[in-house]
Amino acid sequence: MSLIDSVMAGLSLVGNWEAFLSLAIGIVIGVVGGAIPGISATMAVALALPFTFPMEAINGILLLLGVYKGGIFGGSIPAILIKTPGTPASSATILDGHPMAERGEAGRALGMTLWASCTADFVSNLALIFFAGFLASFALSFGPPEFFALILFSLTIIAGVSGESLLRGALSALLGLLLATIGLDLVYGTNRFTFGDPNLMGGLNFIAVLIGLFAIPEVINMVWHPTGHVGKVQKLGSKWVTFAEYKRCFRSIIRGSFIGVFLGSIPGIGAAPAAFLSYSEARRKSPNKANFGKGEIEGVAASEAGNNGVAGATLIPLLALGVPGDVITAIIIGAFMVHGLQPGPMMFVLNVDIIYGLFIGLILSSGILFVVGGLAIRGFRPVADIPKRILMPMVLVLCIYGVFAVNNNIFDVGVMFVMGWIGFVMGRLHIPPAPFLIAFILGPLLEDNFRQAMLMSGGSPDILLRGPITWFFWALTVISIVAITRGTLRAGRAKG
Amino acid sequence: MQVRLGIGAILVAIFLVIHAIPNWVSSPSNVGNIVLSPLFWPYILGALTGLVGLGLVLSGWRTAQGGPVNEPIPDPRAGAIRLAGFAVLMVATFRAMPHLGMVWTSMLAFVALAFLVKTRHPAAAVICAVVVPLILYAFFAHVASVAIPQGDLVRLP
């Protein structure tokens, strides 16, 4: 199929009002969800997922991508107005955004946030379109040993960067891998930790695990400390961002977008490190570096460009290799699975219409985000005023319905409740949940590819090093382990 | 906390290797190569969990601070009671759902949770408790064609 044919096939899927509406609704849900402290972009995507079941695959996935992009932008609104990031990705935005809000320039900061976010989002989407197909065509030649090495590399990155401590991240990933072993064995069909219960033979339901891990702990946290969320909302002020200011910050925005694209395309790094790196680079290069941290608009632009630059790029490993780029794309895999799609290089062969439909939808999403984001900035106050002690019971009920709807099985609701407590305890012990979920998804793939490789070689481990591709991923794995270990040891020494 | 977490991980690893994997993972007797056995992967993960636990214990002993600390809350005892209450609410919700139906159970769970956390808007909570499960029922039962459990008492259209 030629490029024109592929684009036309994609257009035939998304060239209708349902697709456009799904994307727009997704962005609205994401912006509102991201703007409510306690409902992160991750939780918003997880809660929206069950509502996509009756939709066409392309519309459902577009809705979730809209929630993702809207959520990342929406998180910056409370970061600036109440000094509470709606999502972890917006943490860097507080540094200059909140001082601006305290000076009565919240509207100006939020305006720059919107412009920087949409620019970075557009750059990130273009990067996805240019690189995903190239990477997928390369990955078509991968066999089980290559996929095993790739997934192992992804796991080392995830364990190393997703928390305060390498060991806690690794423990979280191991727990996820262990839980993924529940069910019938992939090769022999024998029982593993099923205790004779037919509900466990297919393994734990992925959506019950993810909603349990990301939504229920927030409800439990609210039960533990019901008044922990109260903050003071700053006024927008009369000043608004000007085009001249956007032009002045443009270099930082583009630099931040590329930092976001680069870090986002590496599985597991996510938006928060990209935002901080983009912020620190902007400060290093800016003539106004002394103003950074005191309310410098370029700081807001850089951090927002960094975190939004990630949003399209995280889909590169997801679509091209079937490996989630971050925890939100790990959840979006659920939407692909529910609709019988398996992200990865074969999707570029078998479902090229969906791939190009997604590309077209994503390009549109930057424009929709600009419109919805502008309205959300002005309408934040009612969103911030939703009482959390009513919102969280709503979340609980949404979770119950959503998880039940996956398999029409009450057992899954029980799994979600148990996972919620596990997630809460993990939070209290400062064990990050993201490596758990990503390992839970990648675990069966890792084991399956390992055992297929062993079957191919008659049990000889030499096959795991059979060619340049496996050498490349093994080298990356070793380098990342060494780098992470050195970084952790240095941080430990610095703490004393 | 780091040391205790590490000890916990080691105990889990020991439990896995000594008891859980031998008893709860079955493997065909004719598997020639250990790496192809269904037992291989769980044993590897069990061993790695033990190693990570050991790492946590050693790093906890080496660092003076003892790991990150949780933000304190005004009344931890009341918090613990609320947590216990919520655990009971979850079990009751799970048990009641097949008998009362998902809609009625959700309404009760909503109200119970809102009052457990002492909402300042009781009237709004009750209204939401009725409306939200009904809207979700309408969506999932009539749009998504999901067979929402109706229970033995009152059935919805």
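Chain B contains 5 helices and 0 strands, where helices (H or I, at least four residues) and strands (E, at least two) are DSSP runs numbered from the N terminus, and its pattern along the sequence reads α-α-α-α-α. The model is a predicted one, in which local features need pLDDT of at least 70 and side-chain atom pairs count only at pLDDT 80 or more, while totals for chains, interfaces and linings use all residues. Residues are numbered from 1 along each chain as its sequence is written, and chains are lettered from A and ligands numbered from 1 in the order in which they are written.

The overall dimensions of chain B depart from those of a globule: a compact globule of 157 residues would have a radius of gyration near 15 Å, but chain B has 24 Å, the radius being taken over C-alpha atoms and the globule rule being 2.2 Å times the number of residues to the power 0.38. Along its principal axes, the C-alpha trace of chain B spans about 55 × 50 × 25 Å. The domain assignment, whose bounds come from an automatic or database source, divides chain B into domain 1 (2-62) and domain 2 (76-143), and the C-alpha centres of these two domains lie 38 Å apart. Buried residues, meaning those with 20 or more other C-beta atoms within 10 Å of their own (exposed means 12 or fewer, partly exposed in between, with C-beta atoms placed from the backbone), make up 31% of the 157 residues in chain B.

We turn next to the partner chain. In chain B, 61 residues are in contact with 52 residues of chain A, two residues being in contact if their C-beta atoms, placed from the backbone, lie within 7 Å. To the side of chain B that touches chain A, at least two residues each are supplied by α1 (2-24), α2 (40-62), α3 (76-100), α4 (102-116) and α5 (122-143), and α2(B) gives the most, with 9 residues. The residues of that side divide into 43 nonpolar, 15 polar and 3 charged; here Ala, Val, Leu, Ile, Met, Phe, Trp, Tyr, Cys and Pro count as nonpolar, Asp, Glu, Lys and Arg as charged, and the others, Gly among them, as polar.

The largest nonpolar core, a set of buried Ala, Val, Leu, Ile, Met, Phe, Trp, Tyr and Cys residues joined through C-beta atoms within 7 Å, has 215 residues, and those with the most contacts inside it are A:Val45, A:Leu64 and A:Ile211. Helix α7 (residues 106-139) of chain A gives the most to this core, with 16 residues. Because domain 1 (2-62) and domain 2 (76-143) of chain B both give residues to this core, it lies between them.

Helix α5(B) deserves a separate look. Its 22 residues should span 32 Å at 1.5 Å a residue, and its end C-alpha atoms are 31 Å apart, which agrees; the expected span is 1.5 Å times one less than the number of residues. Among the buried residues of α5(B) are B:Cys128, B:Val132, B:Leu136 and B:Phe140, and the buried residues of this helix pack against α21 (388-407) of chain A together with α4 of chain B.

Most residues other than glycine have a negative phi. B:Lys118, in the loop between α4 and α5 of chain B, has a positive phi near 55°, and with 12 C-beta neighbours inside 10 Å it counts as exposed. Just after α5(B), B:Ser145 takes a positive phi of about 55°.
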